[in-house]
Amino acid sequence: MEMKKMNLIVFSLMALLVFSASKPKKNKKEDRFKEVSHRFYAGTYEVTNKEFREYLEYLKATDRLAEYNSSYPDTTQWMKKFPHSFNGPFVEKYFWHPGFNNYPVVNVSLEAAKAYCAWLSDSYNSKEKRKYKKVTFRLATEQEWNKMAAVLPGHNLPWYGNFAYEPGSSCSNTNIKFENKVSGDNKYDYSSDGGMTTCVVGSYKANKMGVYDIIGNVAELTESGIIKGGSWDNTIDECVVNKSQDFQLPDPRVGFRVVMLIDEL
């Protein structure tokens, strides 16, 4: 990660000066999900900083300070996990600055991710006007995650081939790191795909189900704690769907995606 120091300085300053671009927002929460199977839906995007802050604001407003403190992302992990990179601005700004609103939340525990899902379920089911009578939001199981990854037959990725891009295309399908075979010094190229660390959710091509960033950007927690999909700090070989990651939580490379089950129509 030493090679990234100057690049991260530039990236940090640019991100802090410009509000991040975002995908068109939809007002209804259930519209931000894609159908995987009968009454089972996958979140279109990974959970963002802005969305997770809404949960923390609720905890603070209702004086649930112990839960607030235990759920708050450990932003110091940007430095602890990458001590040789200039990640100070990420420690101070990544989670709360508006410029990072639509970036995936990271550095959260499995318990915090599950607590967010429980709050989301209660919040939705208590609304007077809602599309479904009762739903459950939660993390996907590993089996469910594999299904919503929607890999192509005979492949371990949602697109053809074994690379981060499709045959005949020079555009990356995901935010990962590449082996720098030209330099011969065993270092990696992080910027060729347009991202140095995390990127705004939905920056890359969706899979055939309409789910974005299932591979790369941030690795995703599942219900059992198994981590899938790989991150901006993984090579494509490490991100394929039949593999998992062994990051120790909390970690700047790990976030989560919510799934929705329709319990009652």
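Which residue takes a positive phi in the hairpin of strand 1 and strand 2? Arg39 does, with phi near 65°, in a hairpin that has 2 residues between the strands. That is a good place to enter this structure, which is a predicted model: local features need pLDDT of at least 70, side-chain atom pairs count only at pLDDT 80 or more, and totals for chains, interfaces and linings use all residues. Residues are numbered from 1 along each chain as its sequence is written, and side-chain values use heavy atoms, with hydrogens and water left out.

## Strands and sheets

Helices (H or I, at least four residues) and strands (E, at least two) are DSSP runs, numbered from the N terminus. Two strands pair if DSSP finds at least two bridges between them. Strand 1 (residues 33–37) runs antiparallel to strand 2 (residues 40–43), with 4 bridges in the pairing. Within this hairpin, Glu35 faces Tyr41 of strand 2. Strand 2 also has a partner in strand 10 (residues 259–264), again antiparallel and with 3 bridges. Here Ala42 has Val259 as its bridge partner.

Elsewhere, 4 strands make up an open sheet of mixed pairing, in the order 8-7-6-9. Its edges are strand 8 (244–245) and strand 9 (254–256), each of which pairs on one side only. Strand 6 (residues 219–221) runs parallel to strand 9, and 3 bridges join them. Ala219 stands opposite Val254 of strand 9.

## Aromatic rings

Now to the rings. Those of Phe, Tyr and Trp (its six-membered ring) pair if their centres lie within 6.5 Å; planes under 30 degrees apart count as stacked, over 60 as edge-to-face and the rest as tilted. The structure holds 25 aromatic pairs. One of them brings Trp78 and Phe90 together in a tilted arrangement, 4.7 Å centre to centre with 40° between the planes. This pair links distant parts of the chain, since Trp78 sits in helix 4 and Phe90 in helix 5 (residues 88–93), 12 residues apart. Burial is judged by relative accessible area: buried means under 20%, exposed over 50%, and partly exposed in between (1.4 Å probe, protein chains only). Trp78 is buried at 0%, and Phe90 is buried at 1%.

Phe82 and Trp232 form another tilted pair, with centres 5.4 Å apart and planes at 45°. Phe82 lies in the loop between helix 4 and helix 5, and Trp232 in the loop between strand 7 (227–228) and helix 8 (236–239), so the pair ties together parts that are 150 residues apart in sequence. Both of these residues, Phe82 and Trp232, are buried.

One aromatic cluster takes in Phe52, Tyr55, Tyr58, Tyr68, Tyr72, Phe95, Tyr116, Trp119 and Phe256. Two of its members also appear in contacts (heavy atoms within 4.5 Å) with residues outside the cluster list. Leaving aside residues up to four places away in sequence, Thr75 touches Val91, Phe95 and Asn107, while Lys60 touches Leu65 and Tyr68. Thr75, in the loop between helix 3 (65–71) and helix 4 (77–80), is buried at 16%. Lys60, in helix 2 (residues 49–61), is exposed at 51%.

## Charged pairs

A salt bridge is a side-chain nitrogen of Lys or Arg within 4 Å of a carboxyl oxygen of Asp or Glu. By this rule the count comes to 11 salt bridges. Three of them are listed here.

| Salt bridge | N to O distance |
|---|---|
| Glu51 and Arg32 | 3.8 Å |
| Arg64 and Glu67 | 2.9 Å |
| Asp233 and Lys177 | 3.7 Å |

The Asp233 and Lys177 pair links distant parts of the chain: Asp233 is in the loop between strand 7 and helix 8, and Lys177 in the loop between helix 7 (142–149) and strand 4 (178–179), 56 residues apart. Asp233 is buried at 9%, and Lys177 is buried at 11%. Salt bridges with shared partners join these two with Lys81, Asp251 and Arg253 in one network. The C-alpha atoms of Asp233 and Lys177 are separated by 5.6 Å.

Lys177 has a ring partner as well. A charge sits over a ring if NZ of Lys or CZ of Arg is within 6 Å of the ring centre and within 35 degrees of the ring normal. Lys177 lies over the face of Tyr188, at 3.9 Å from the ring centre.
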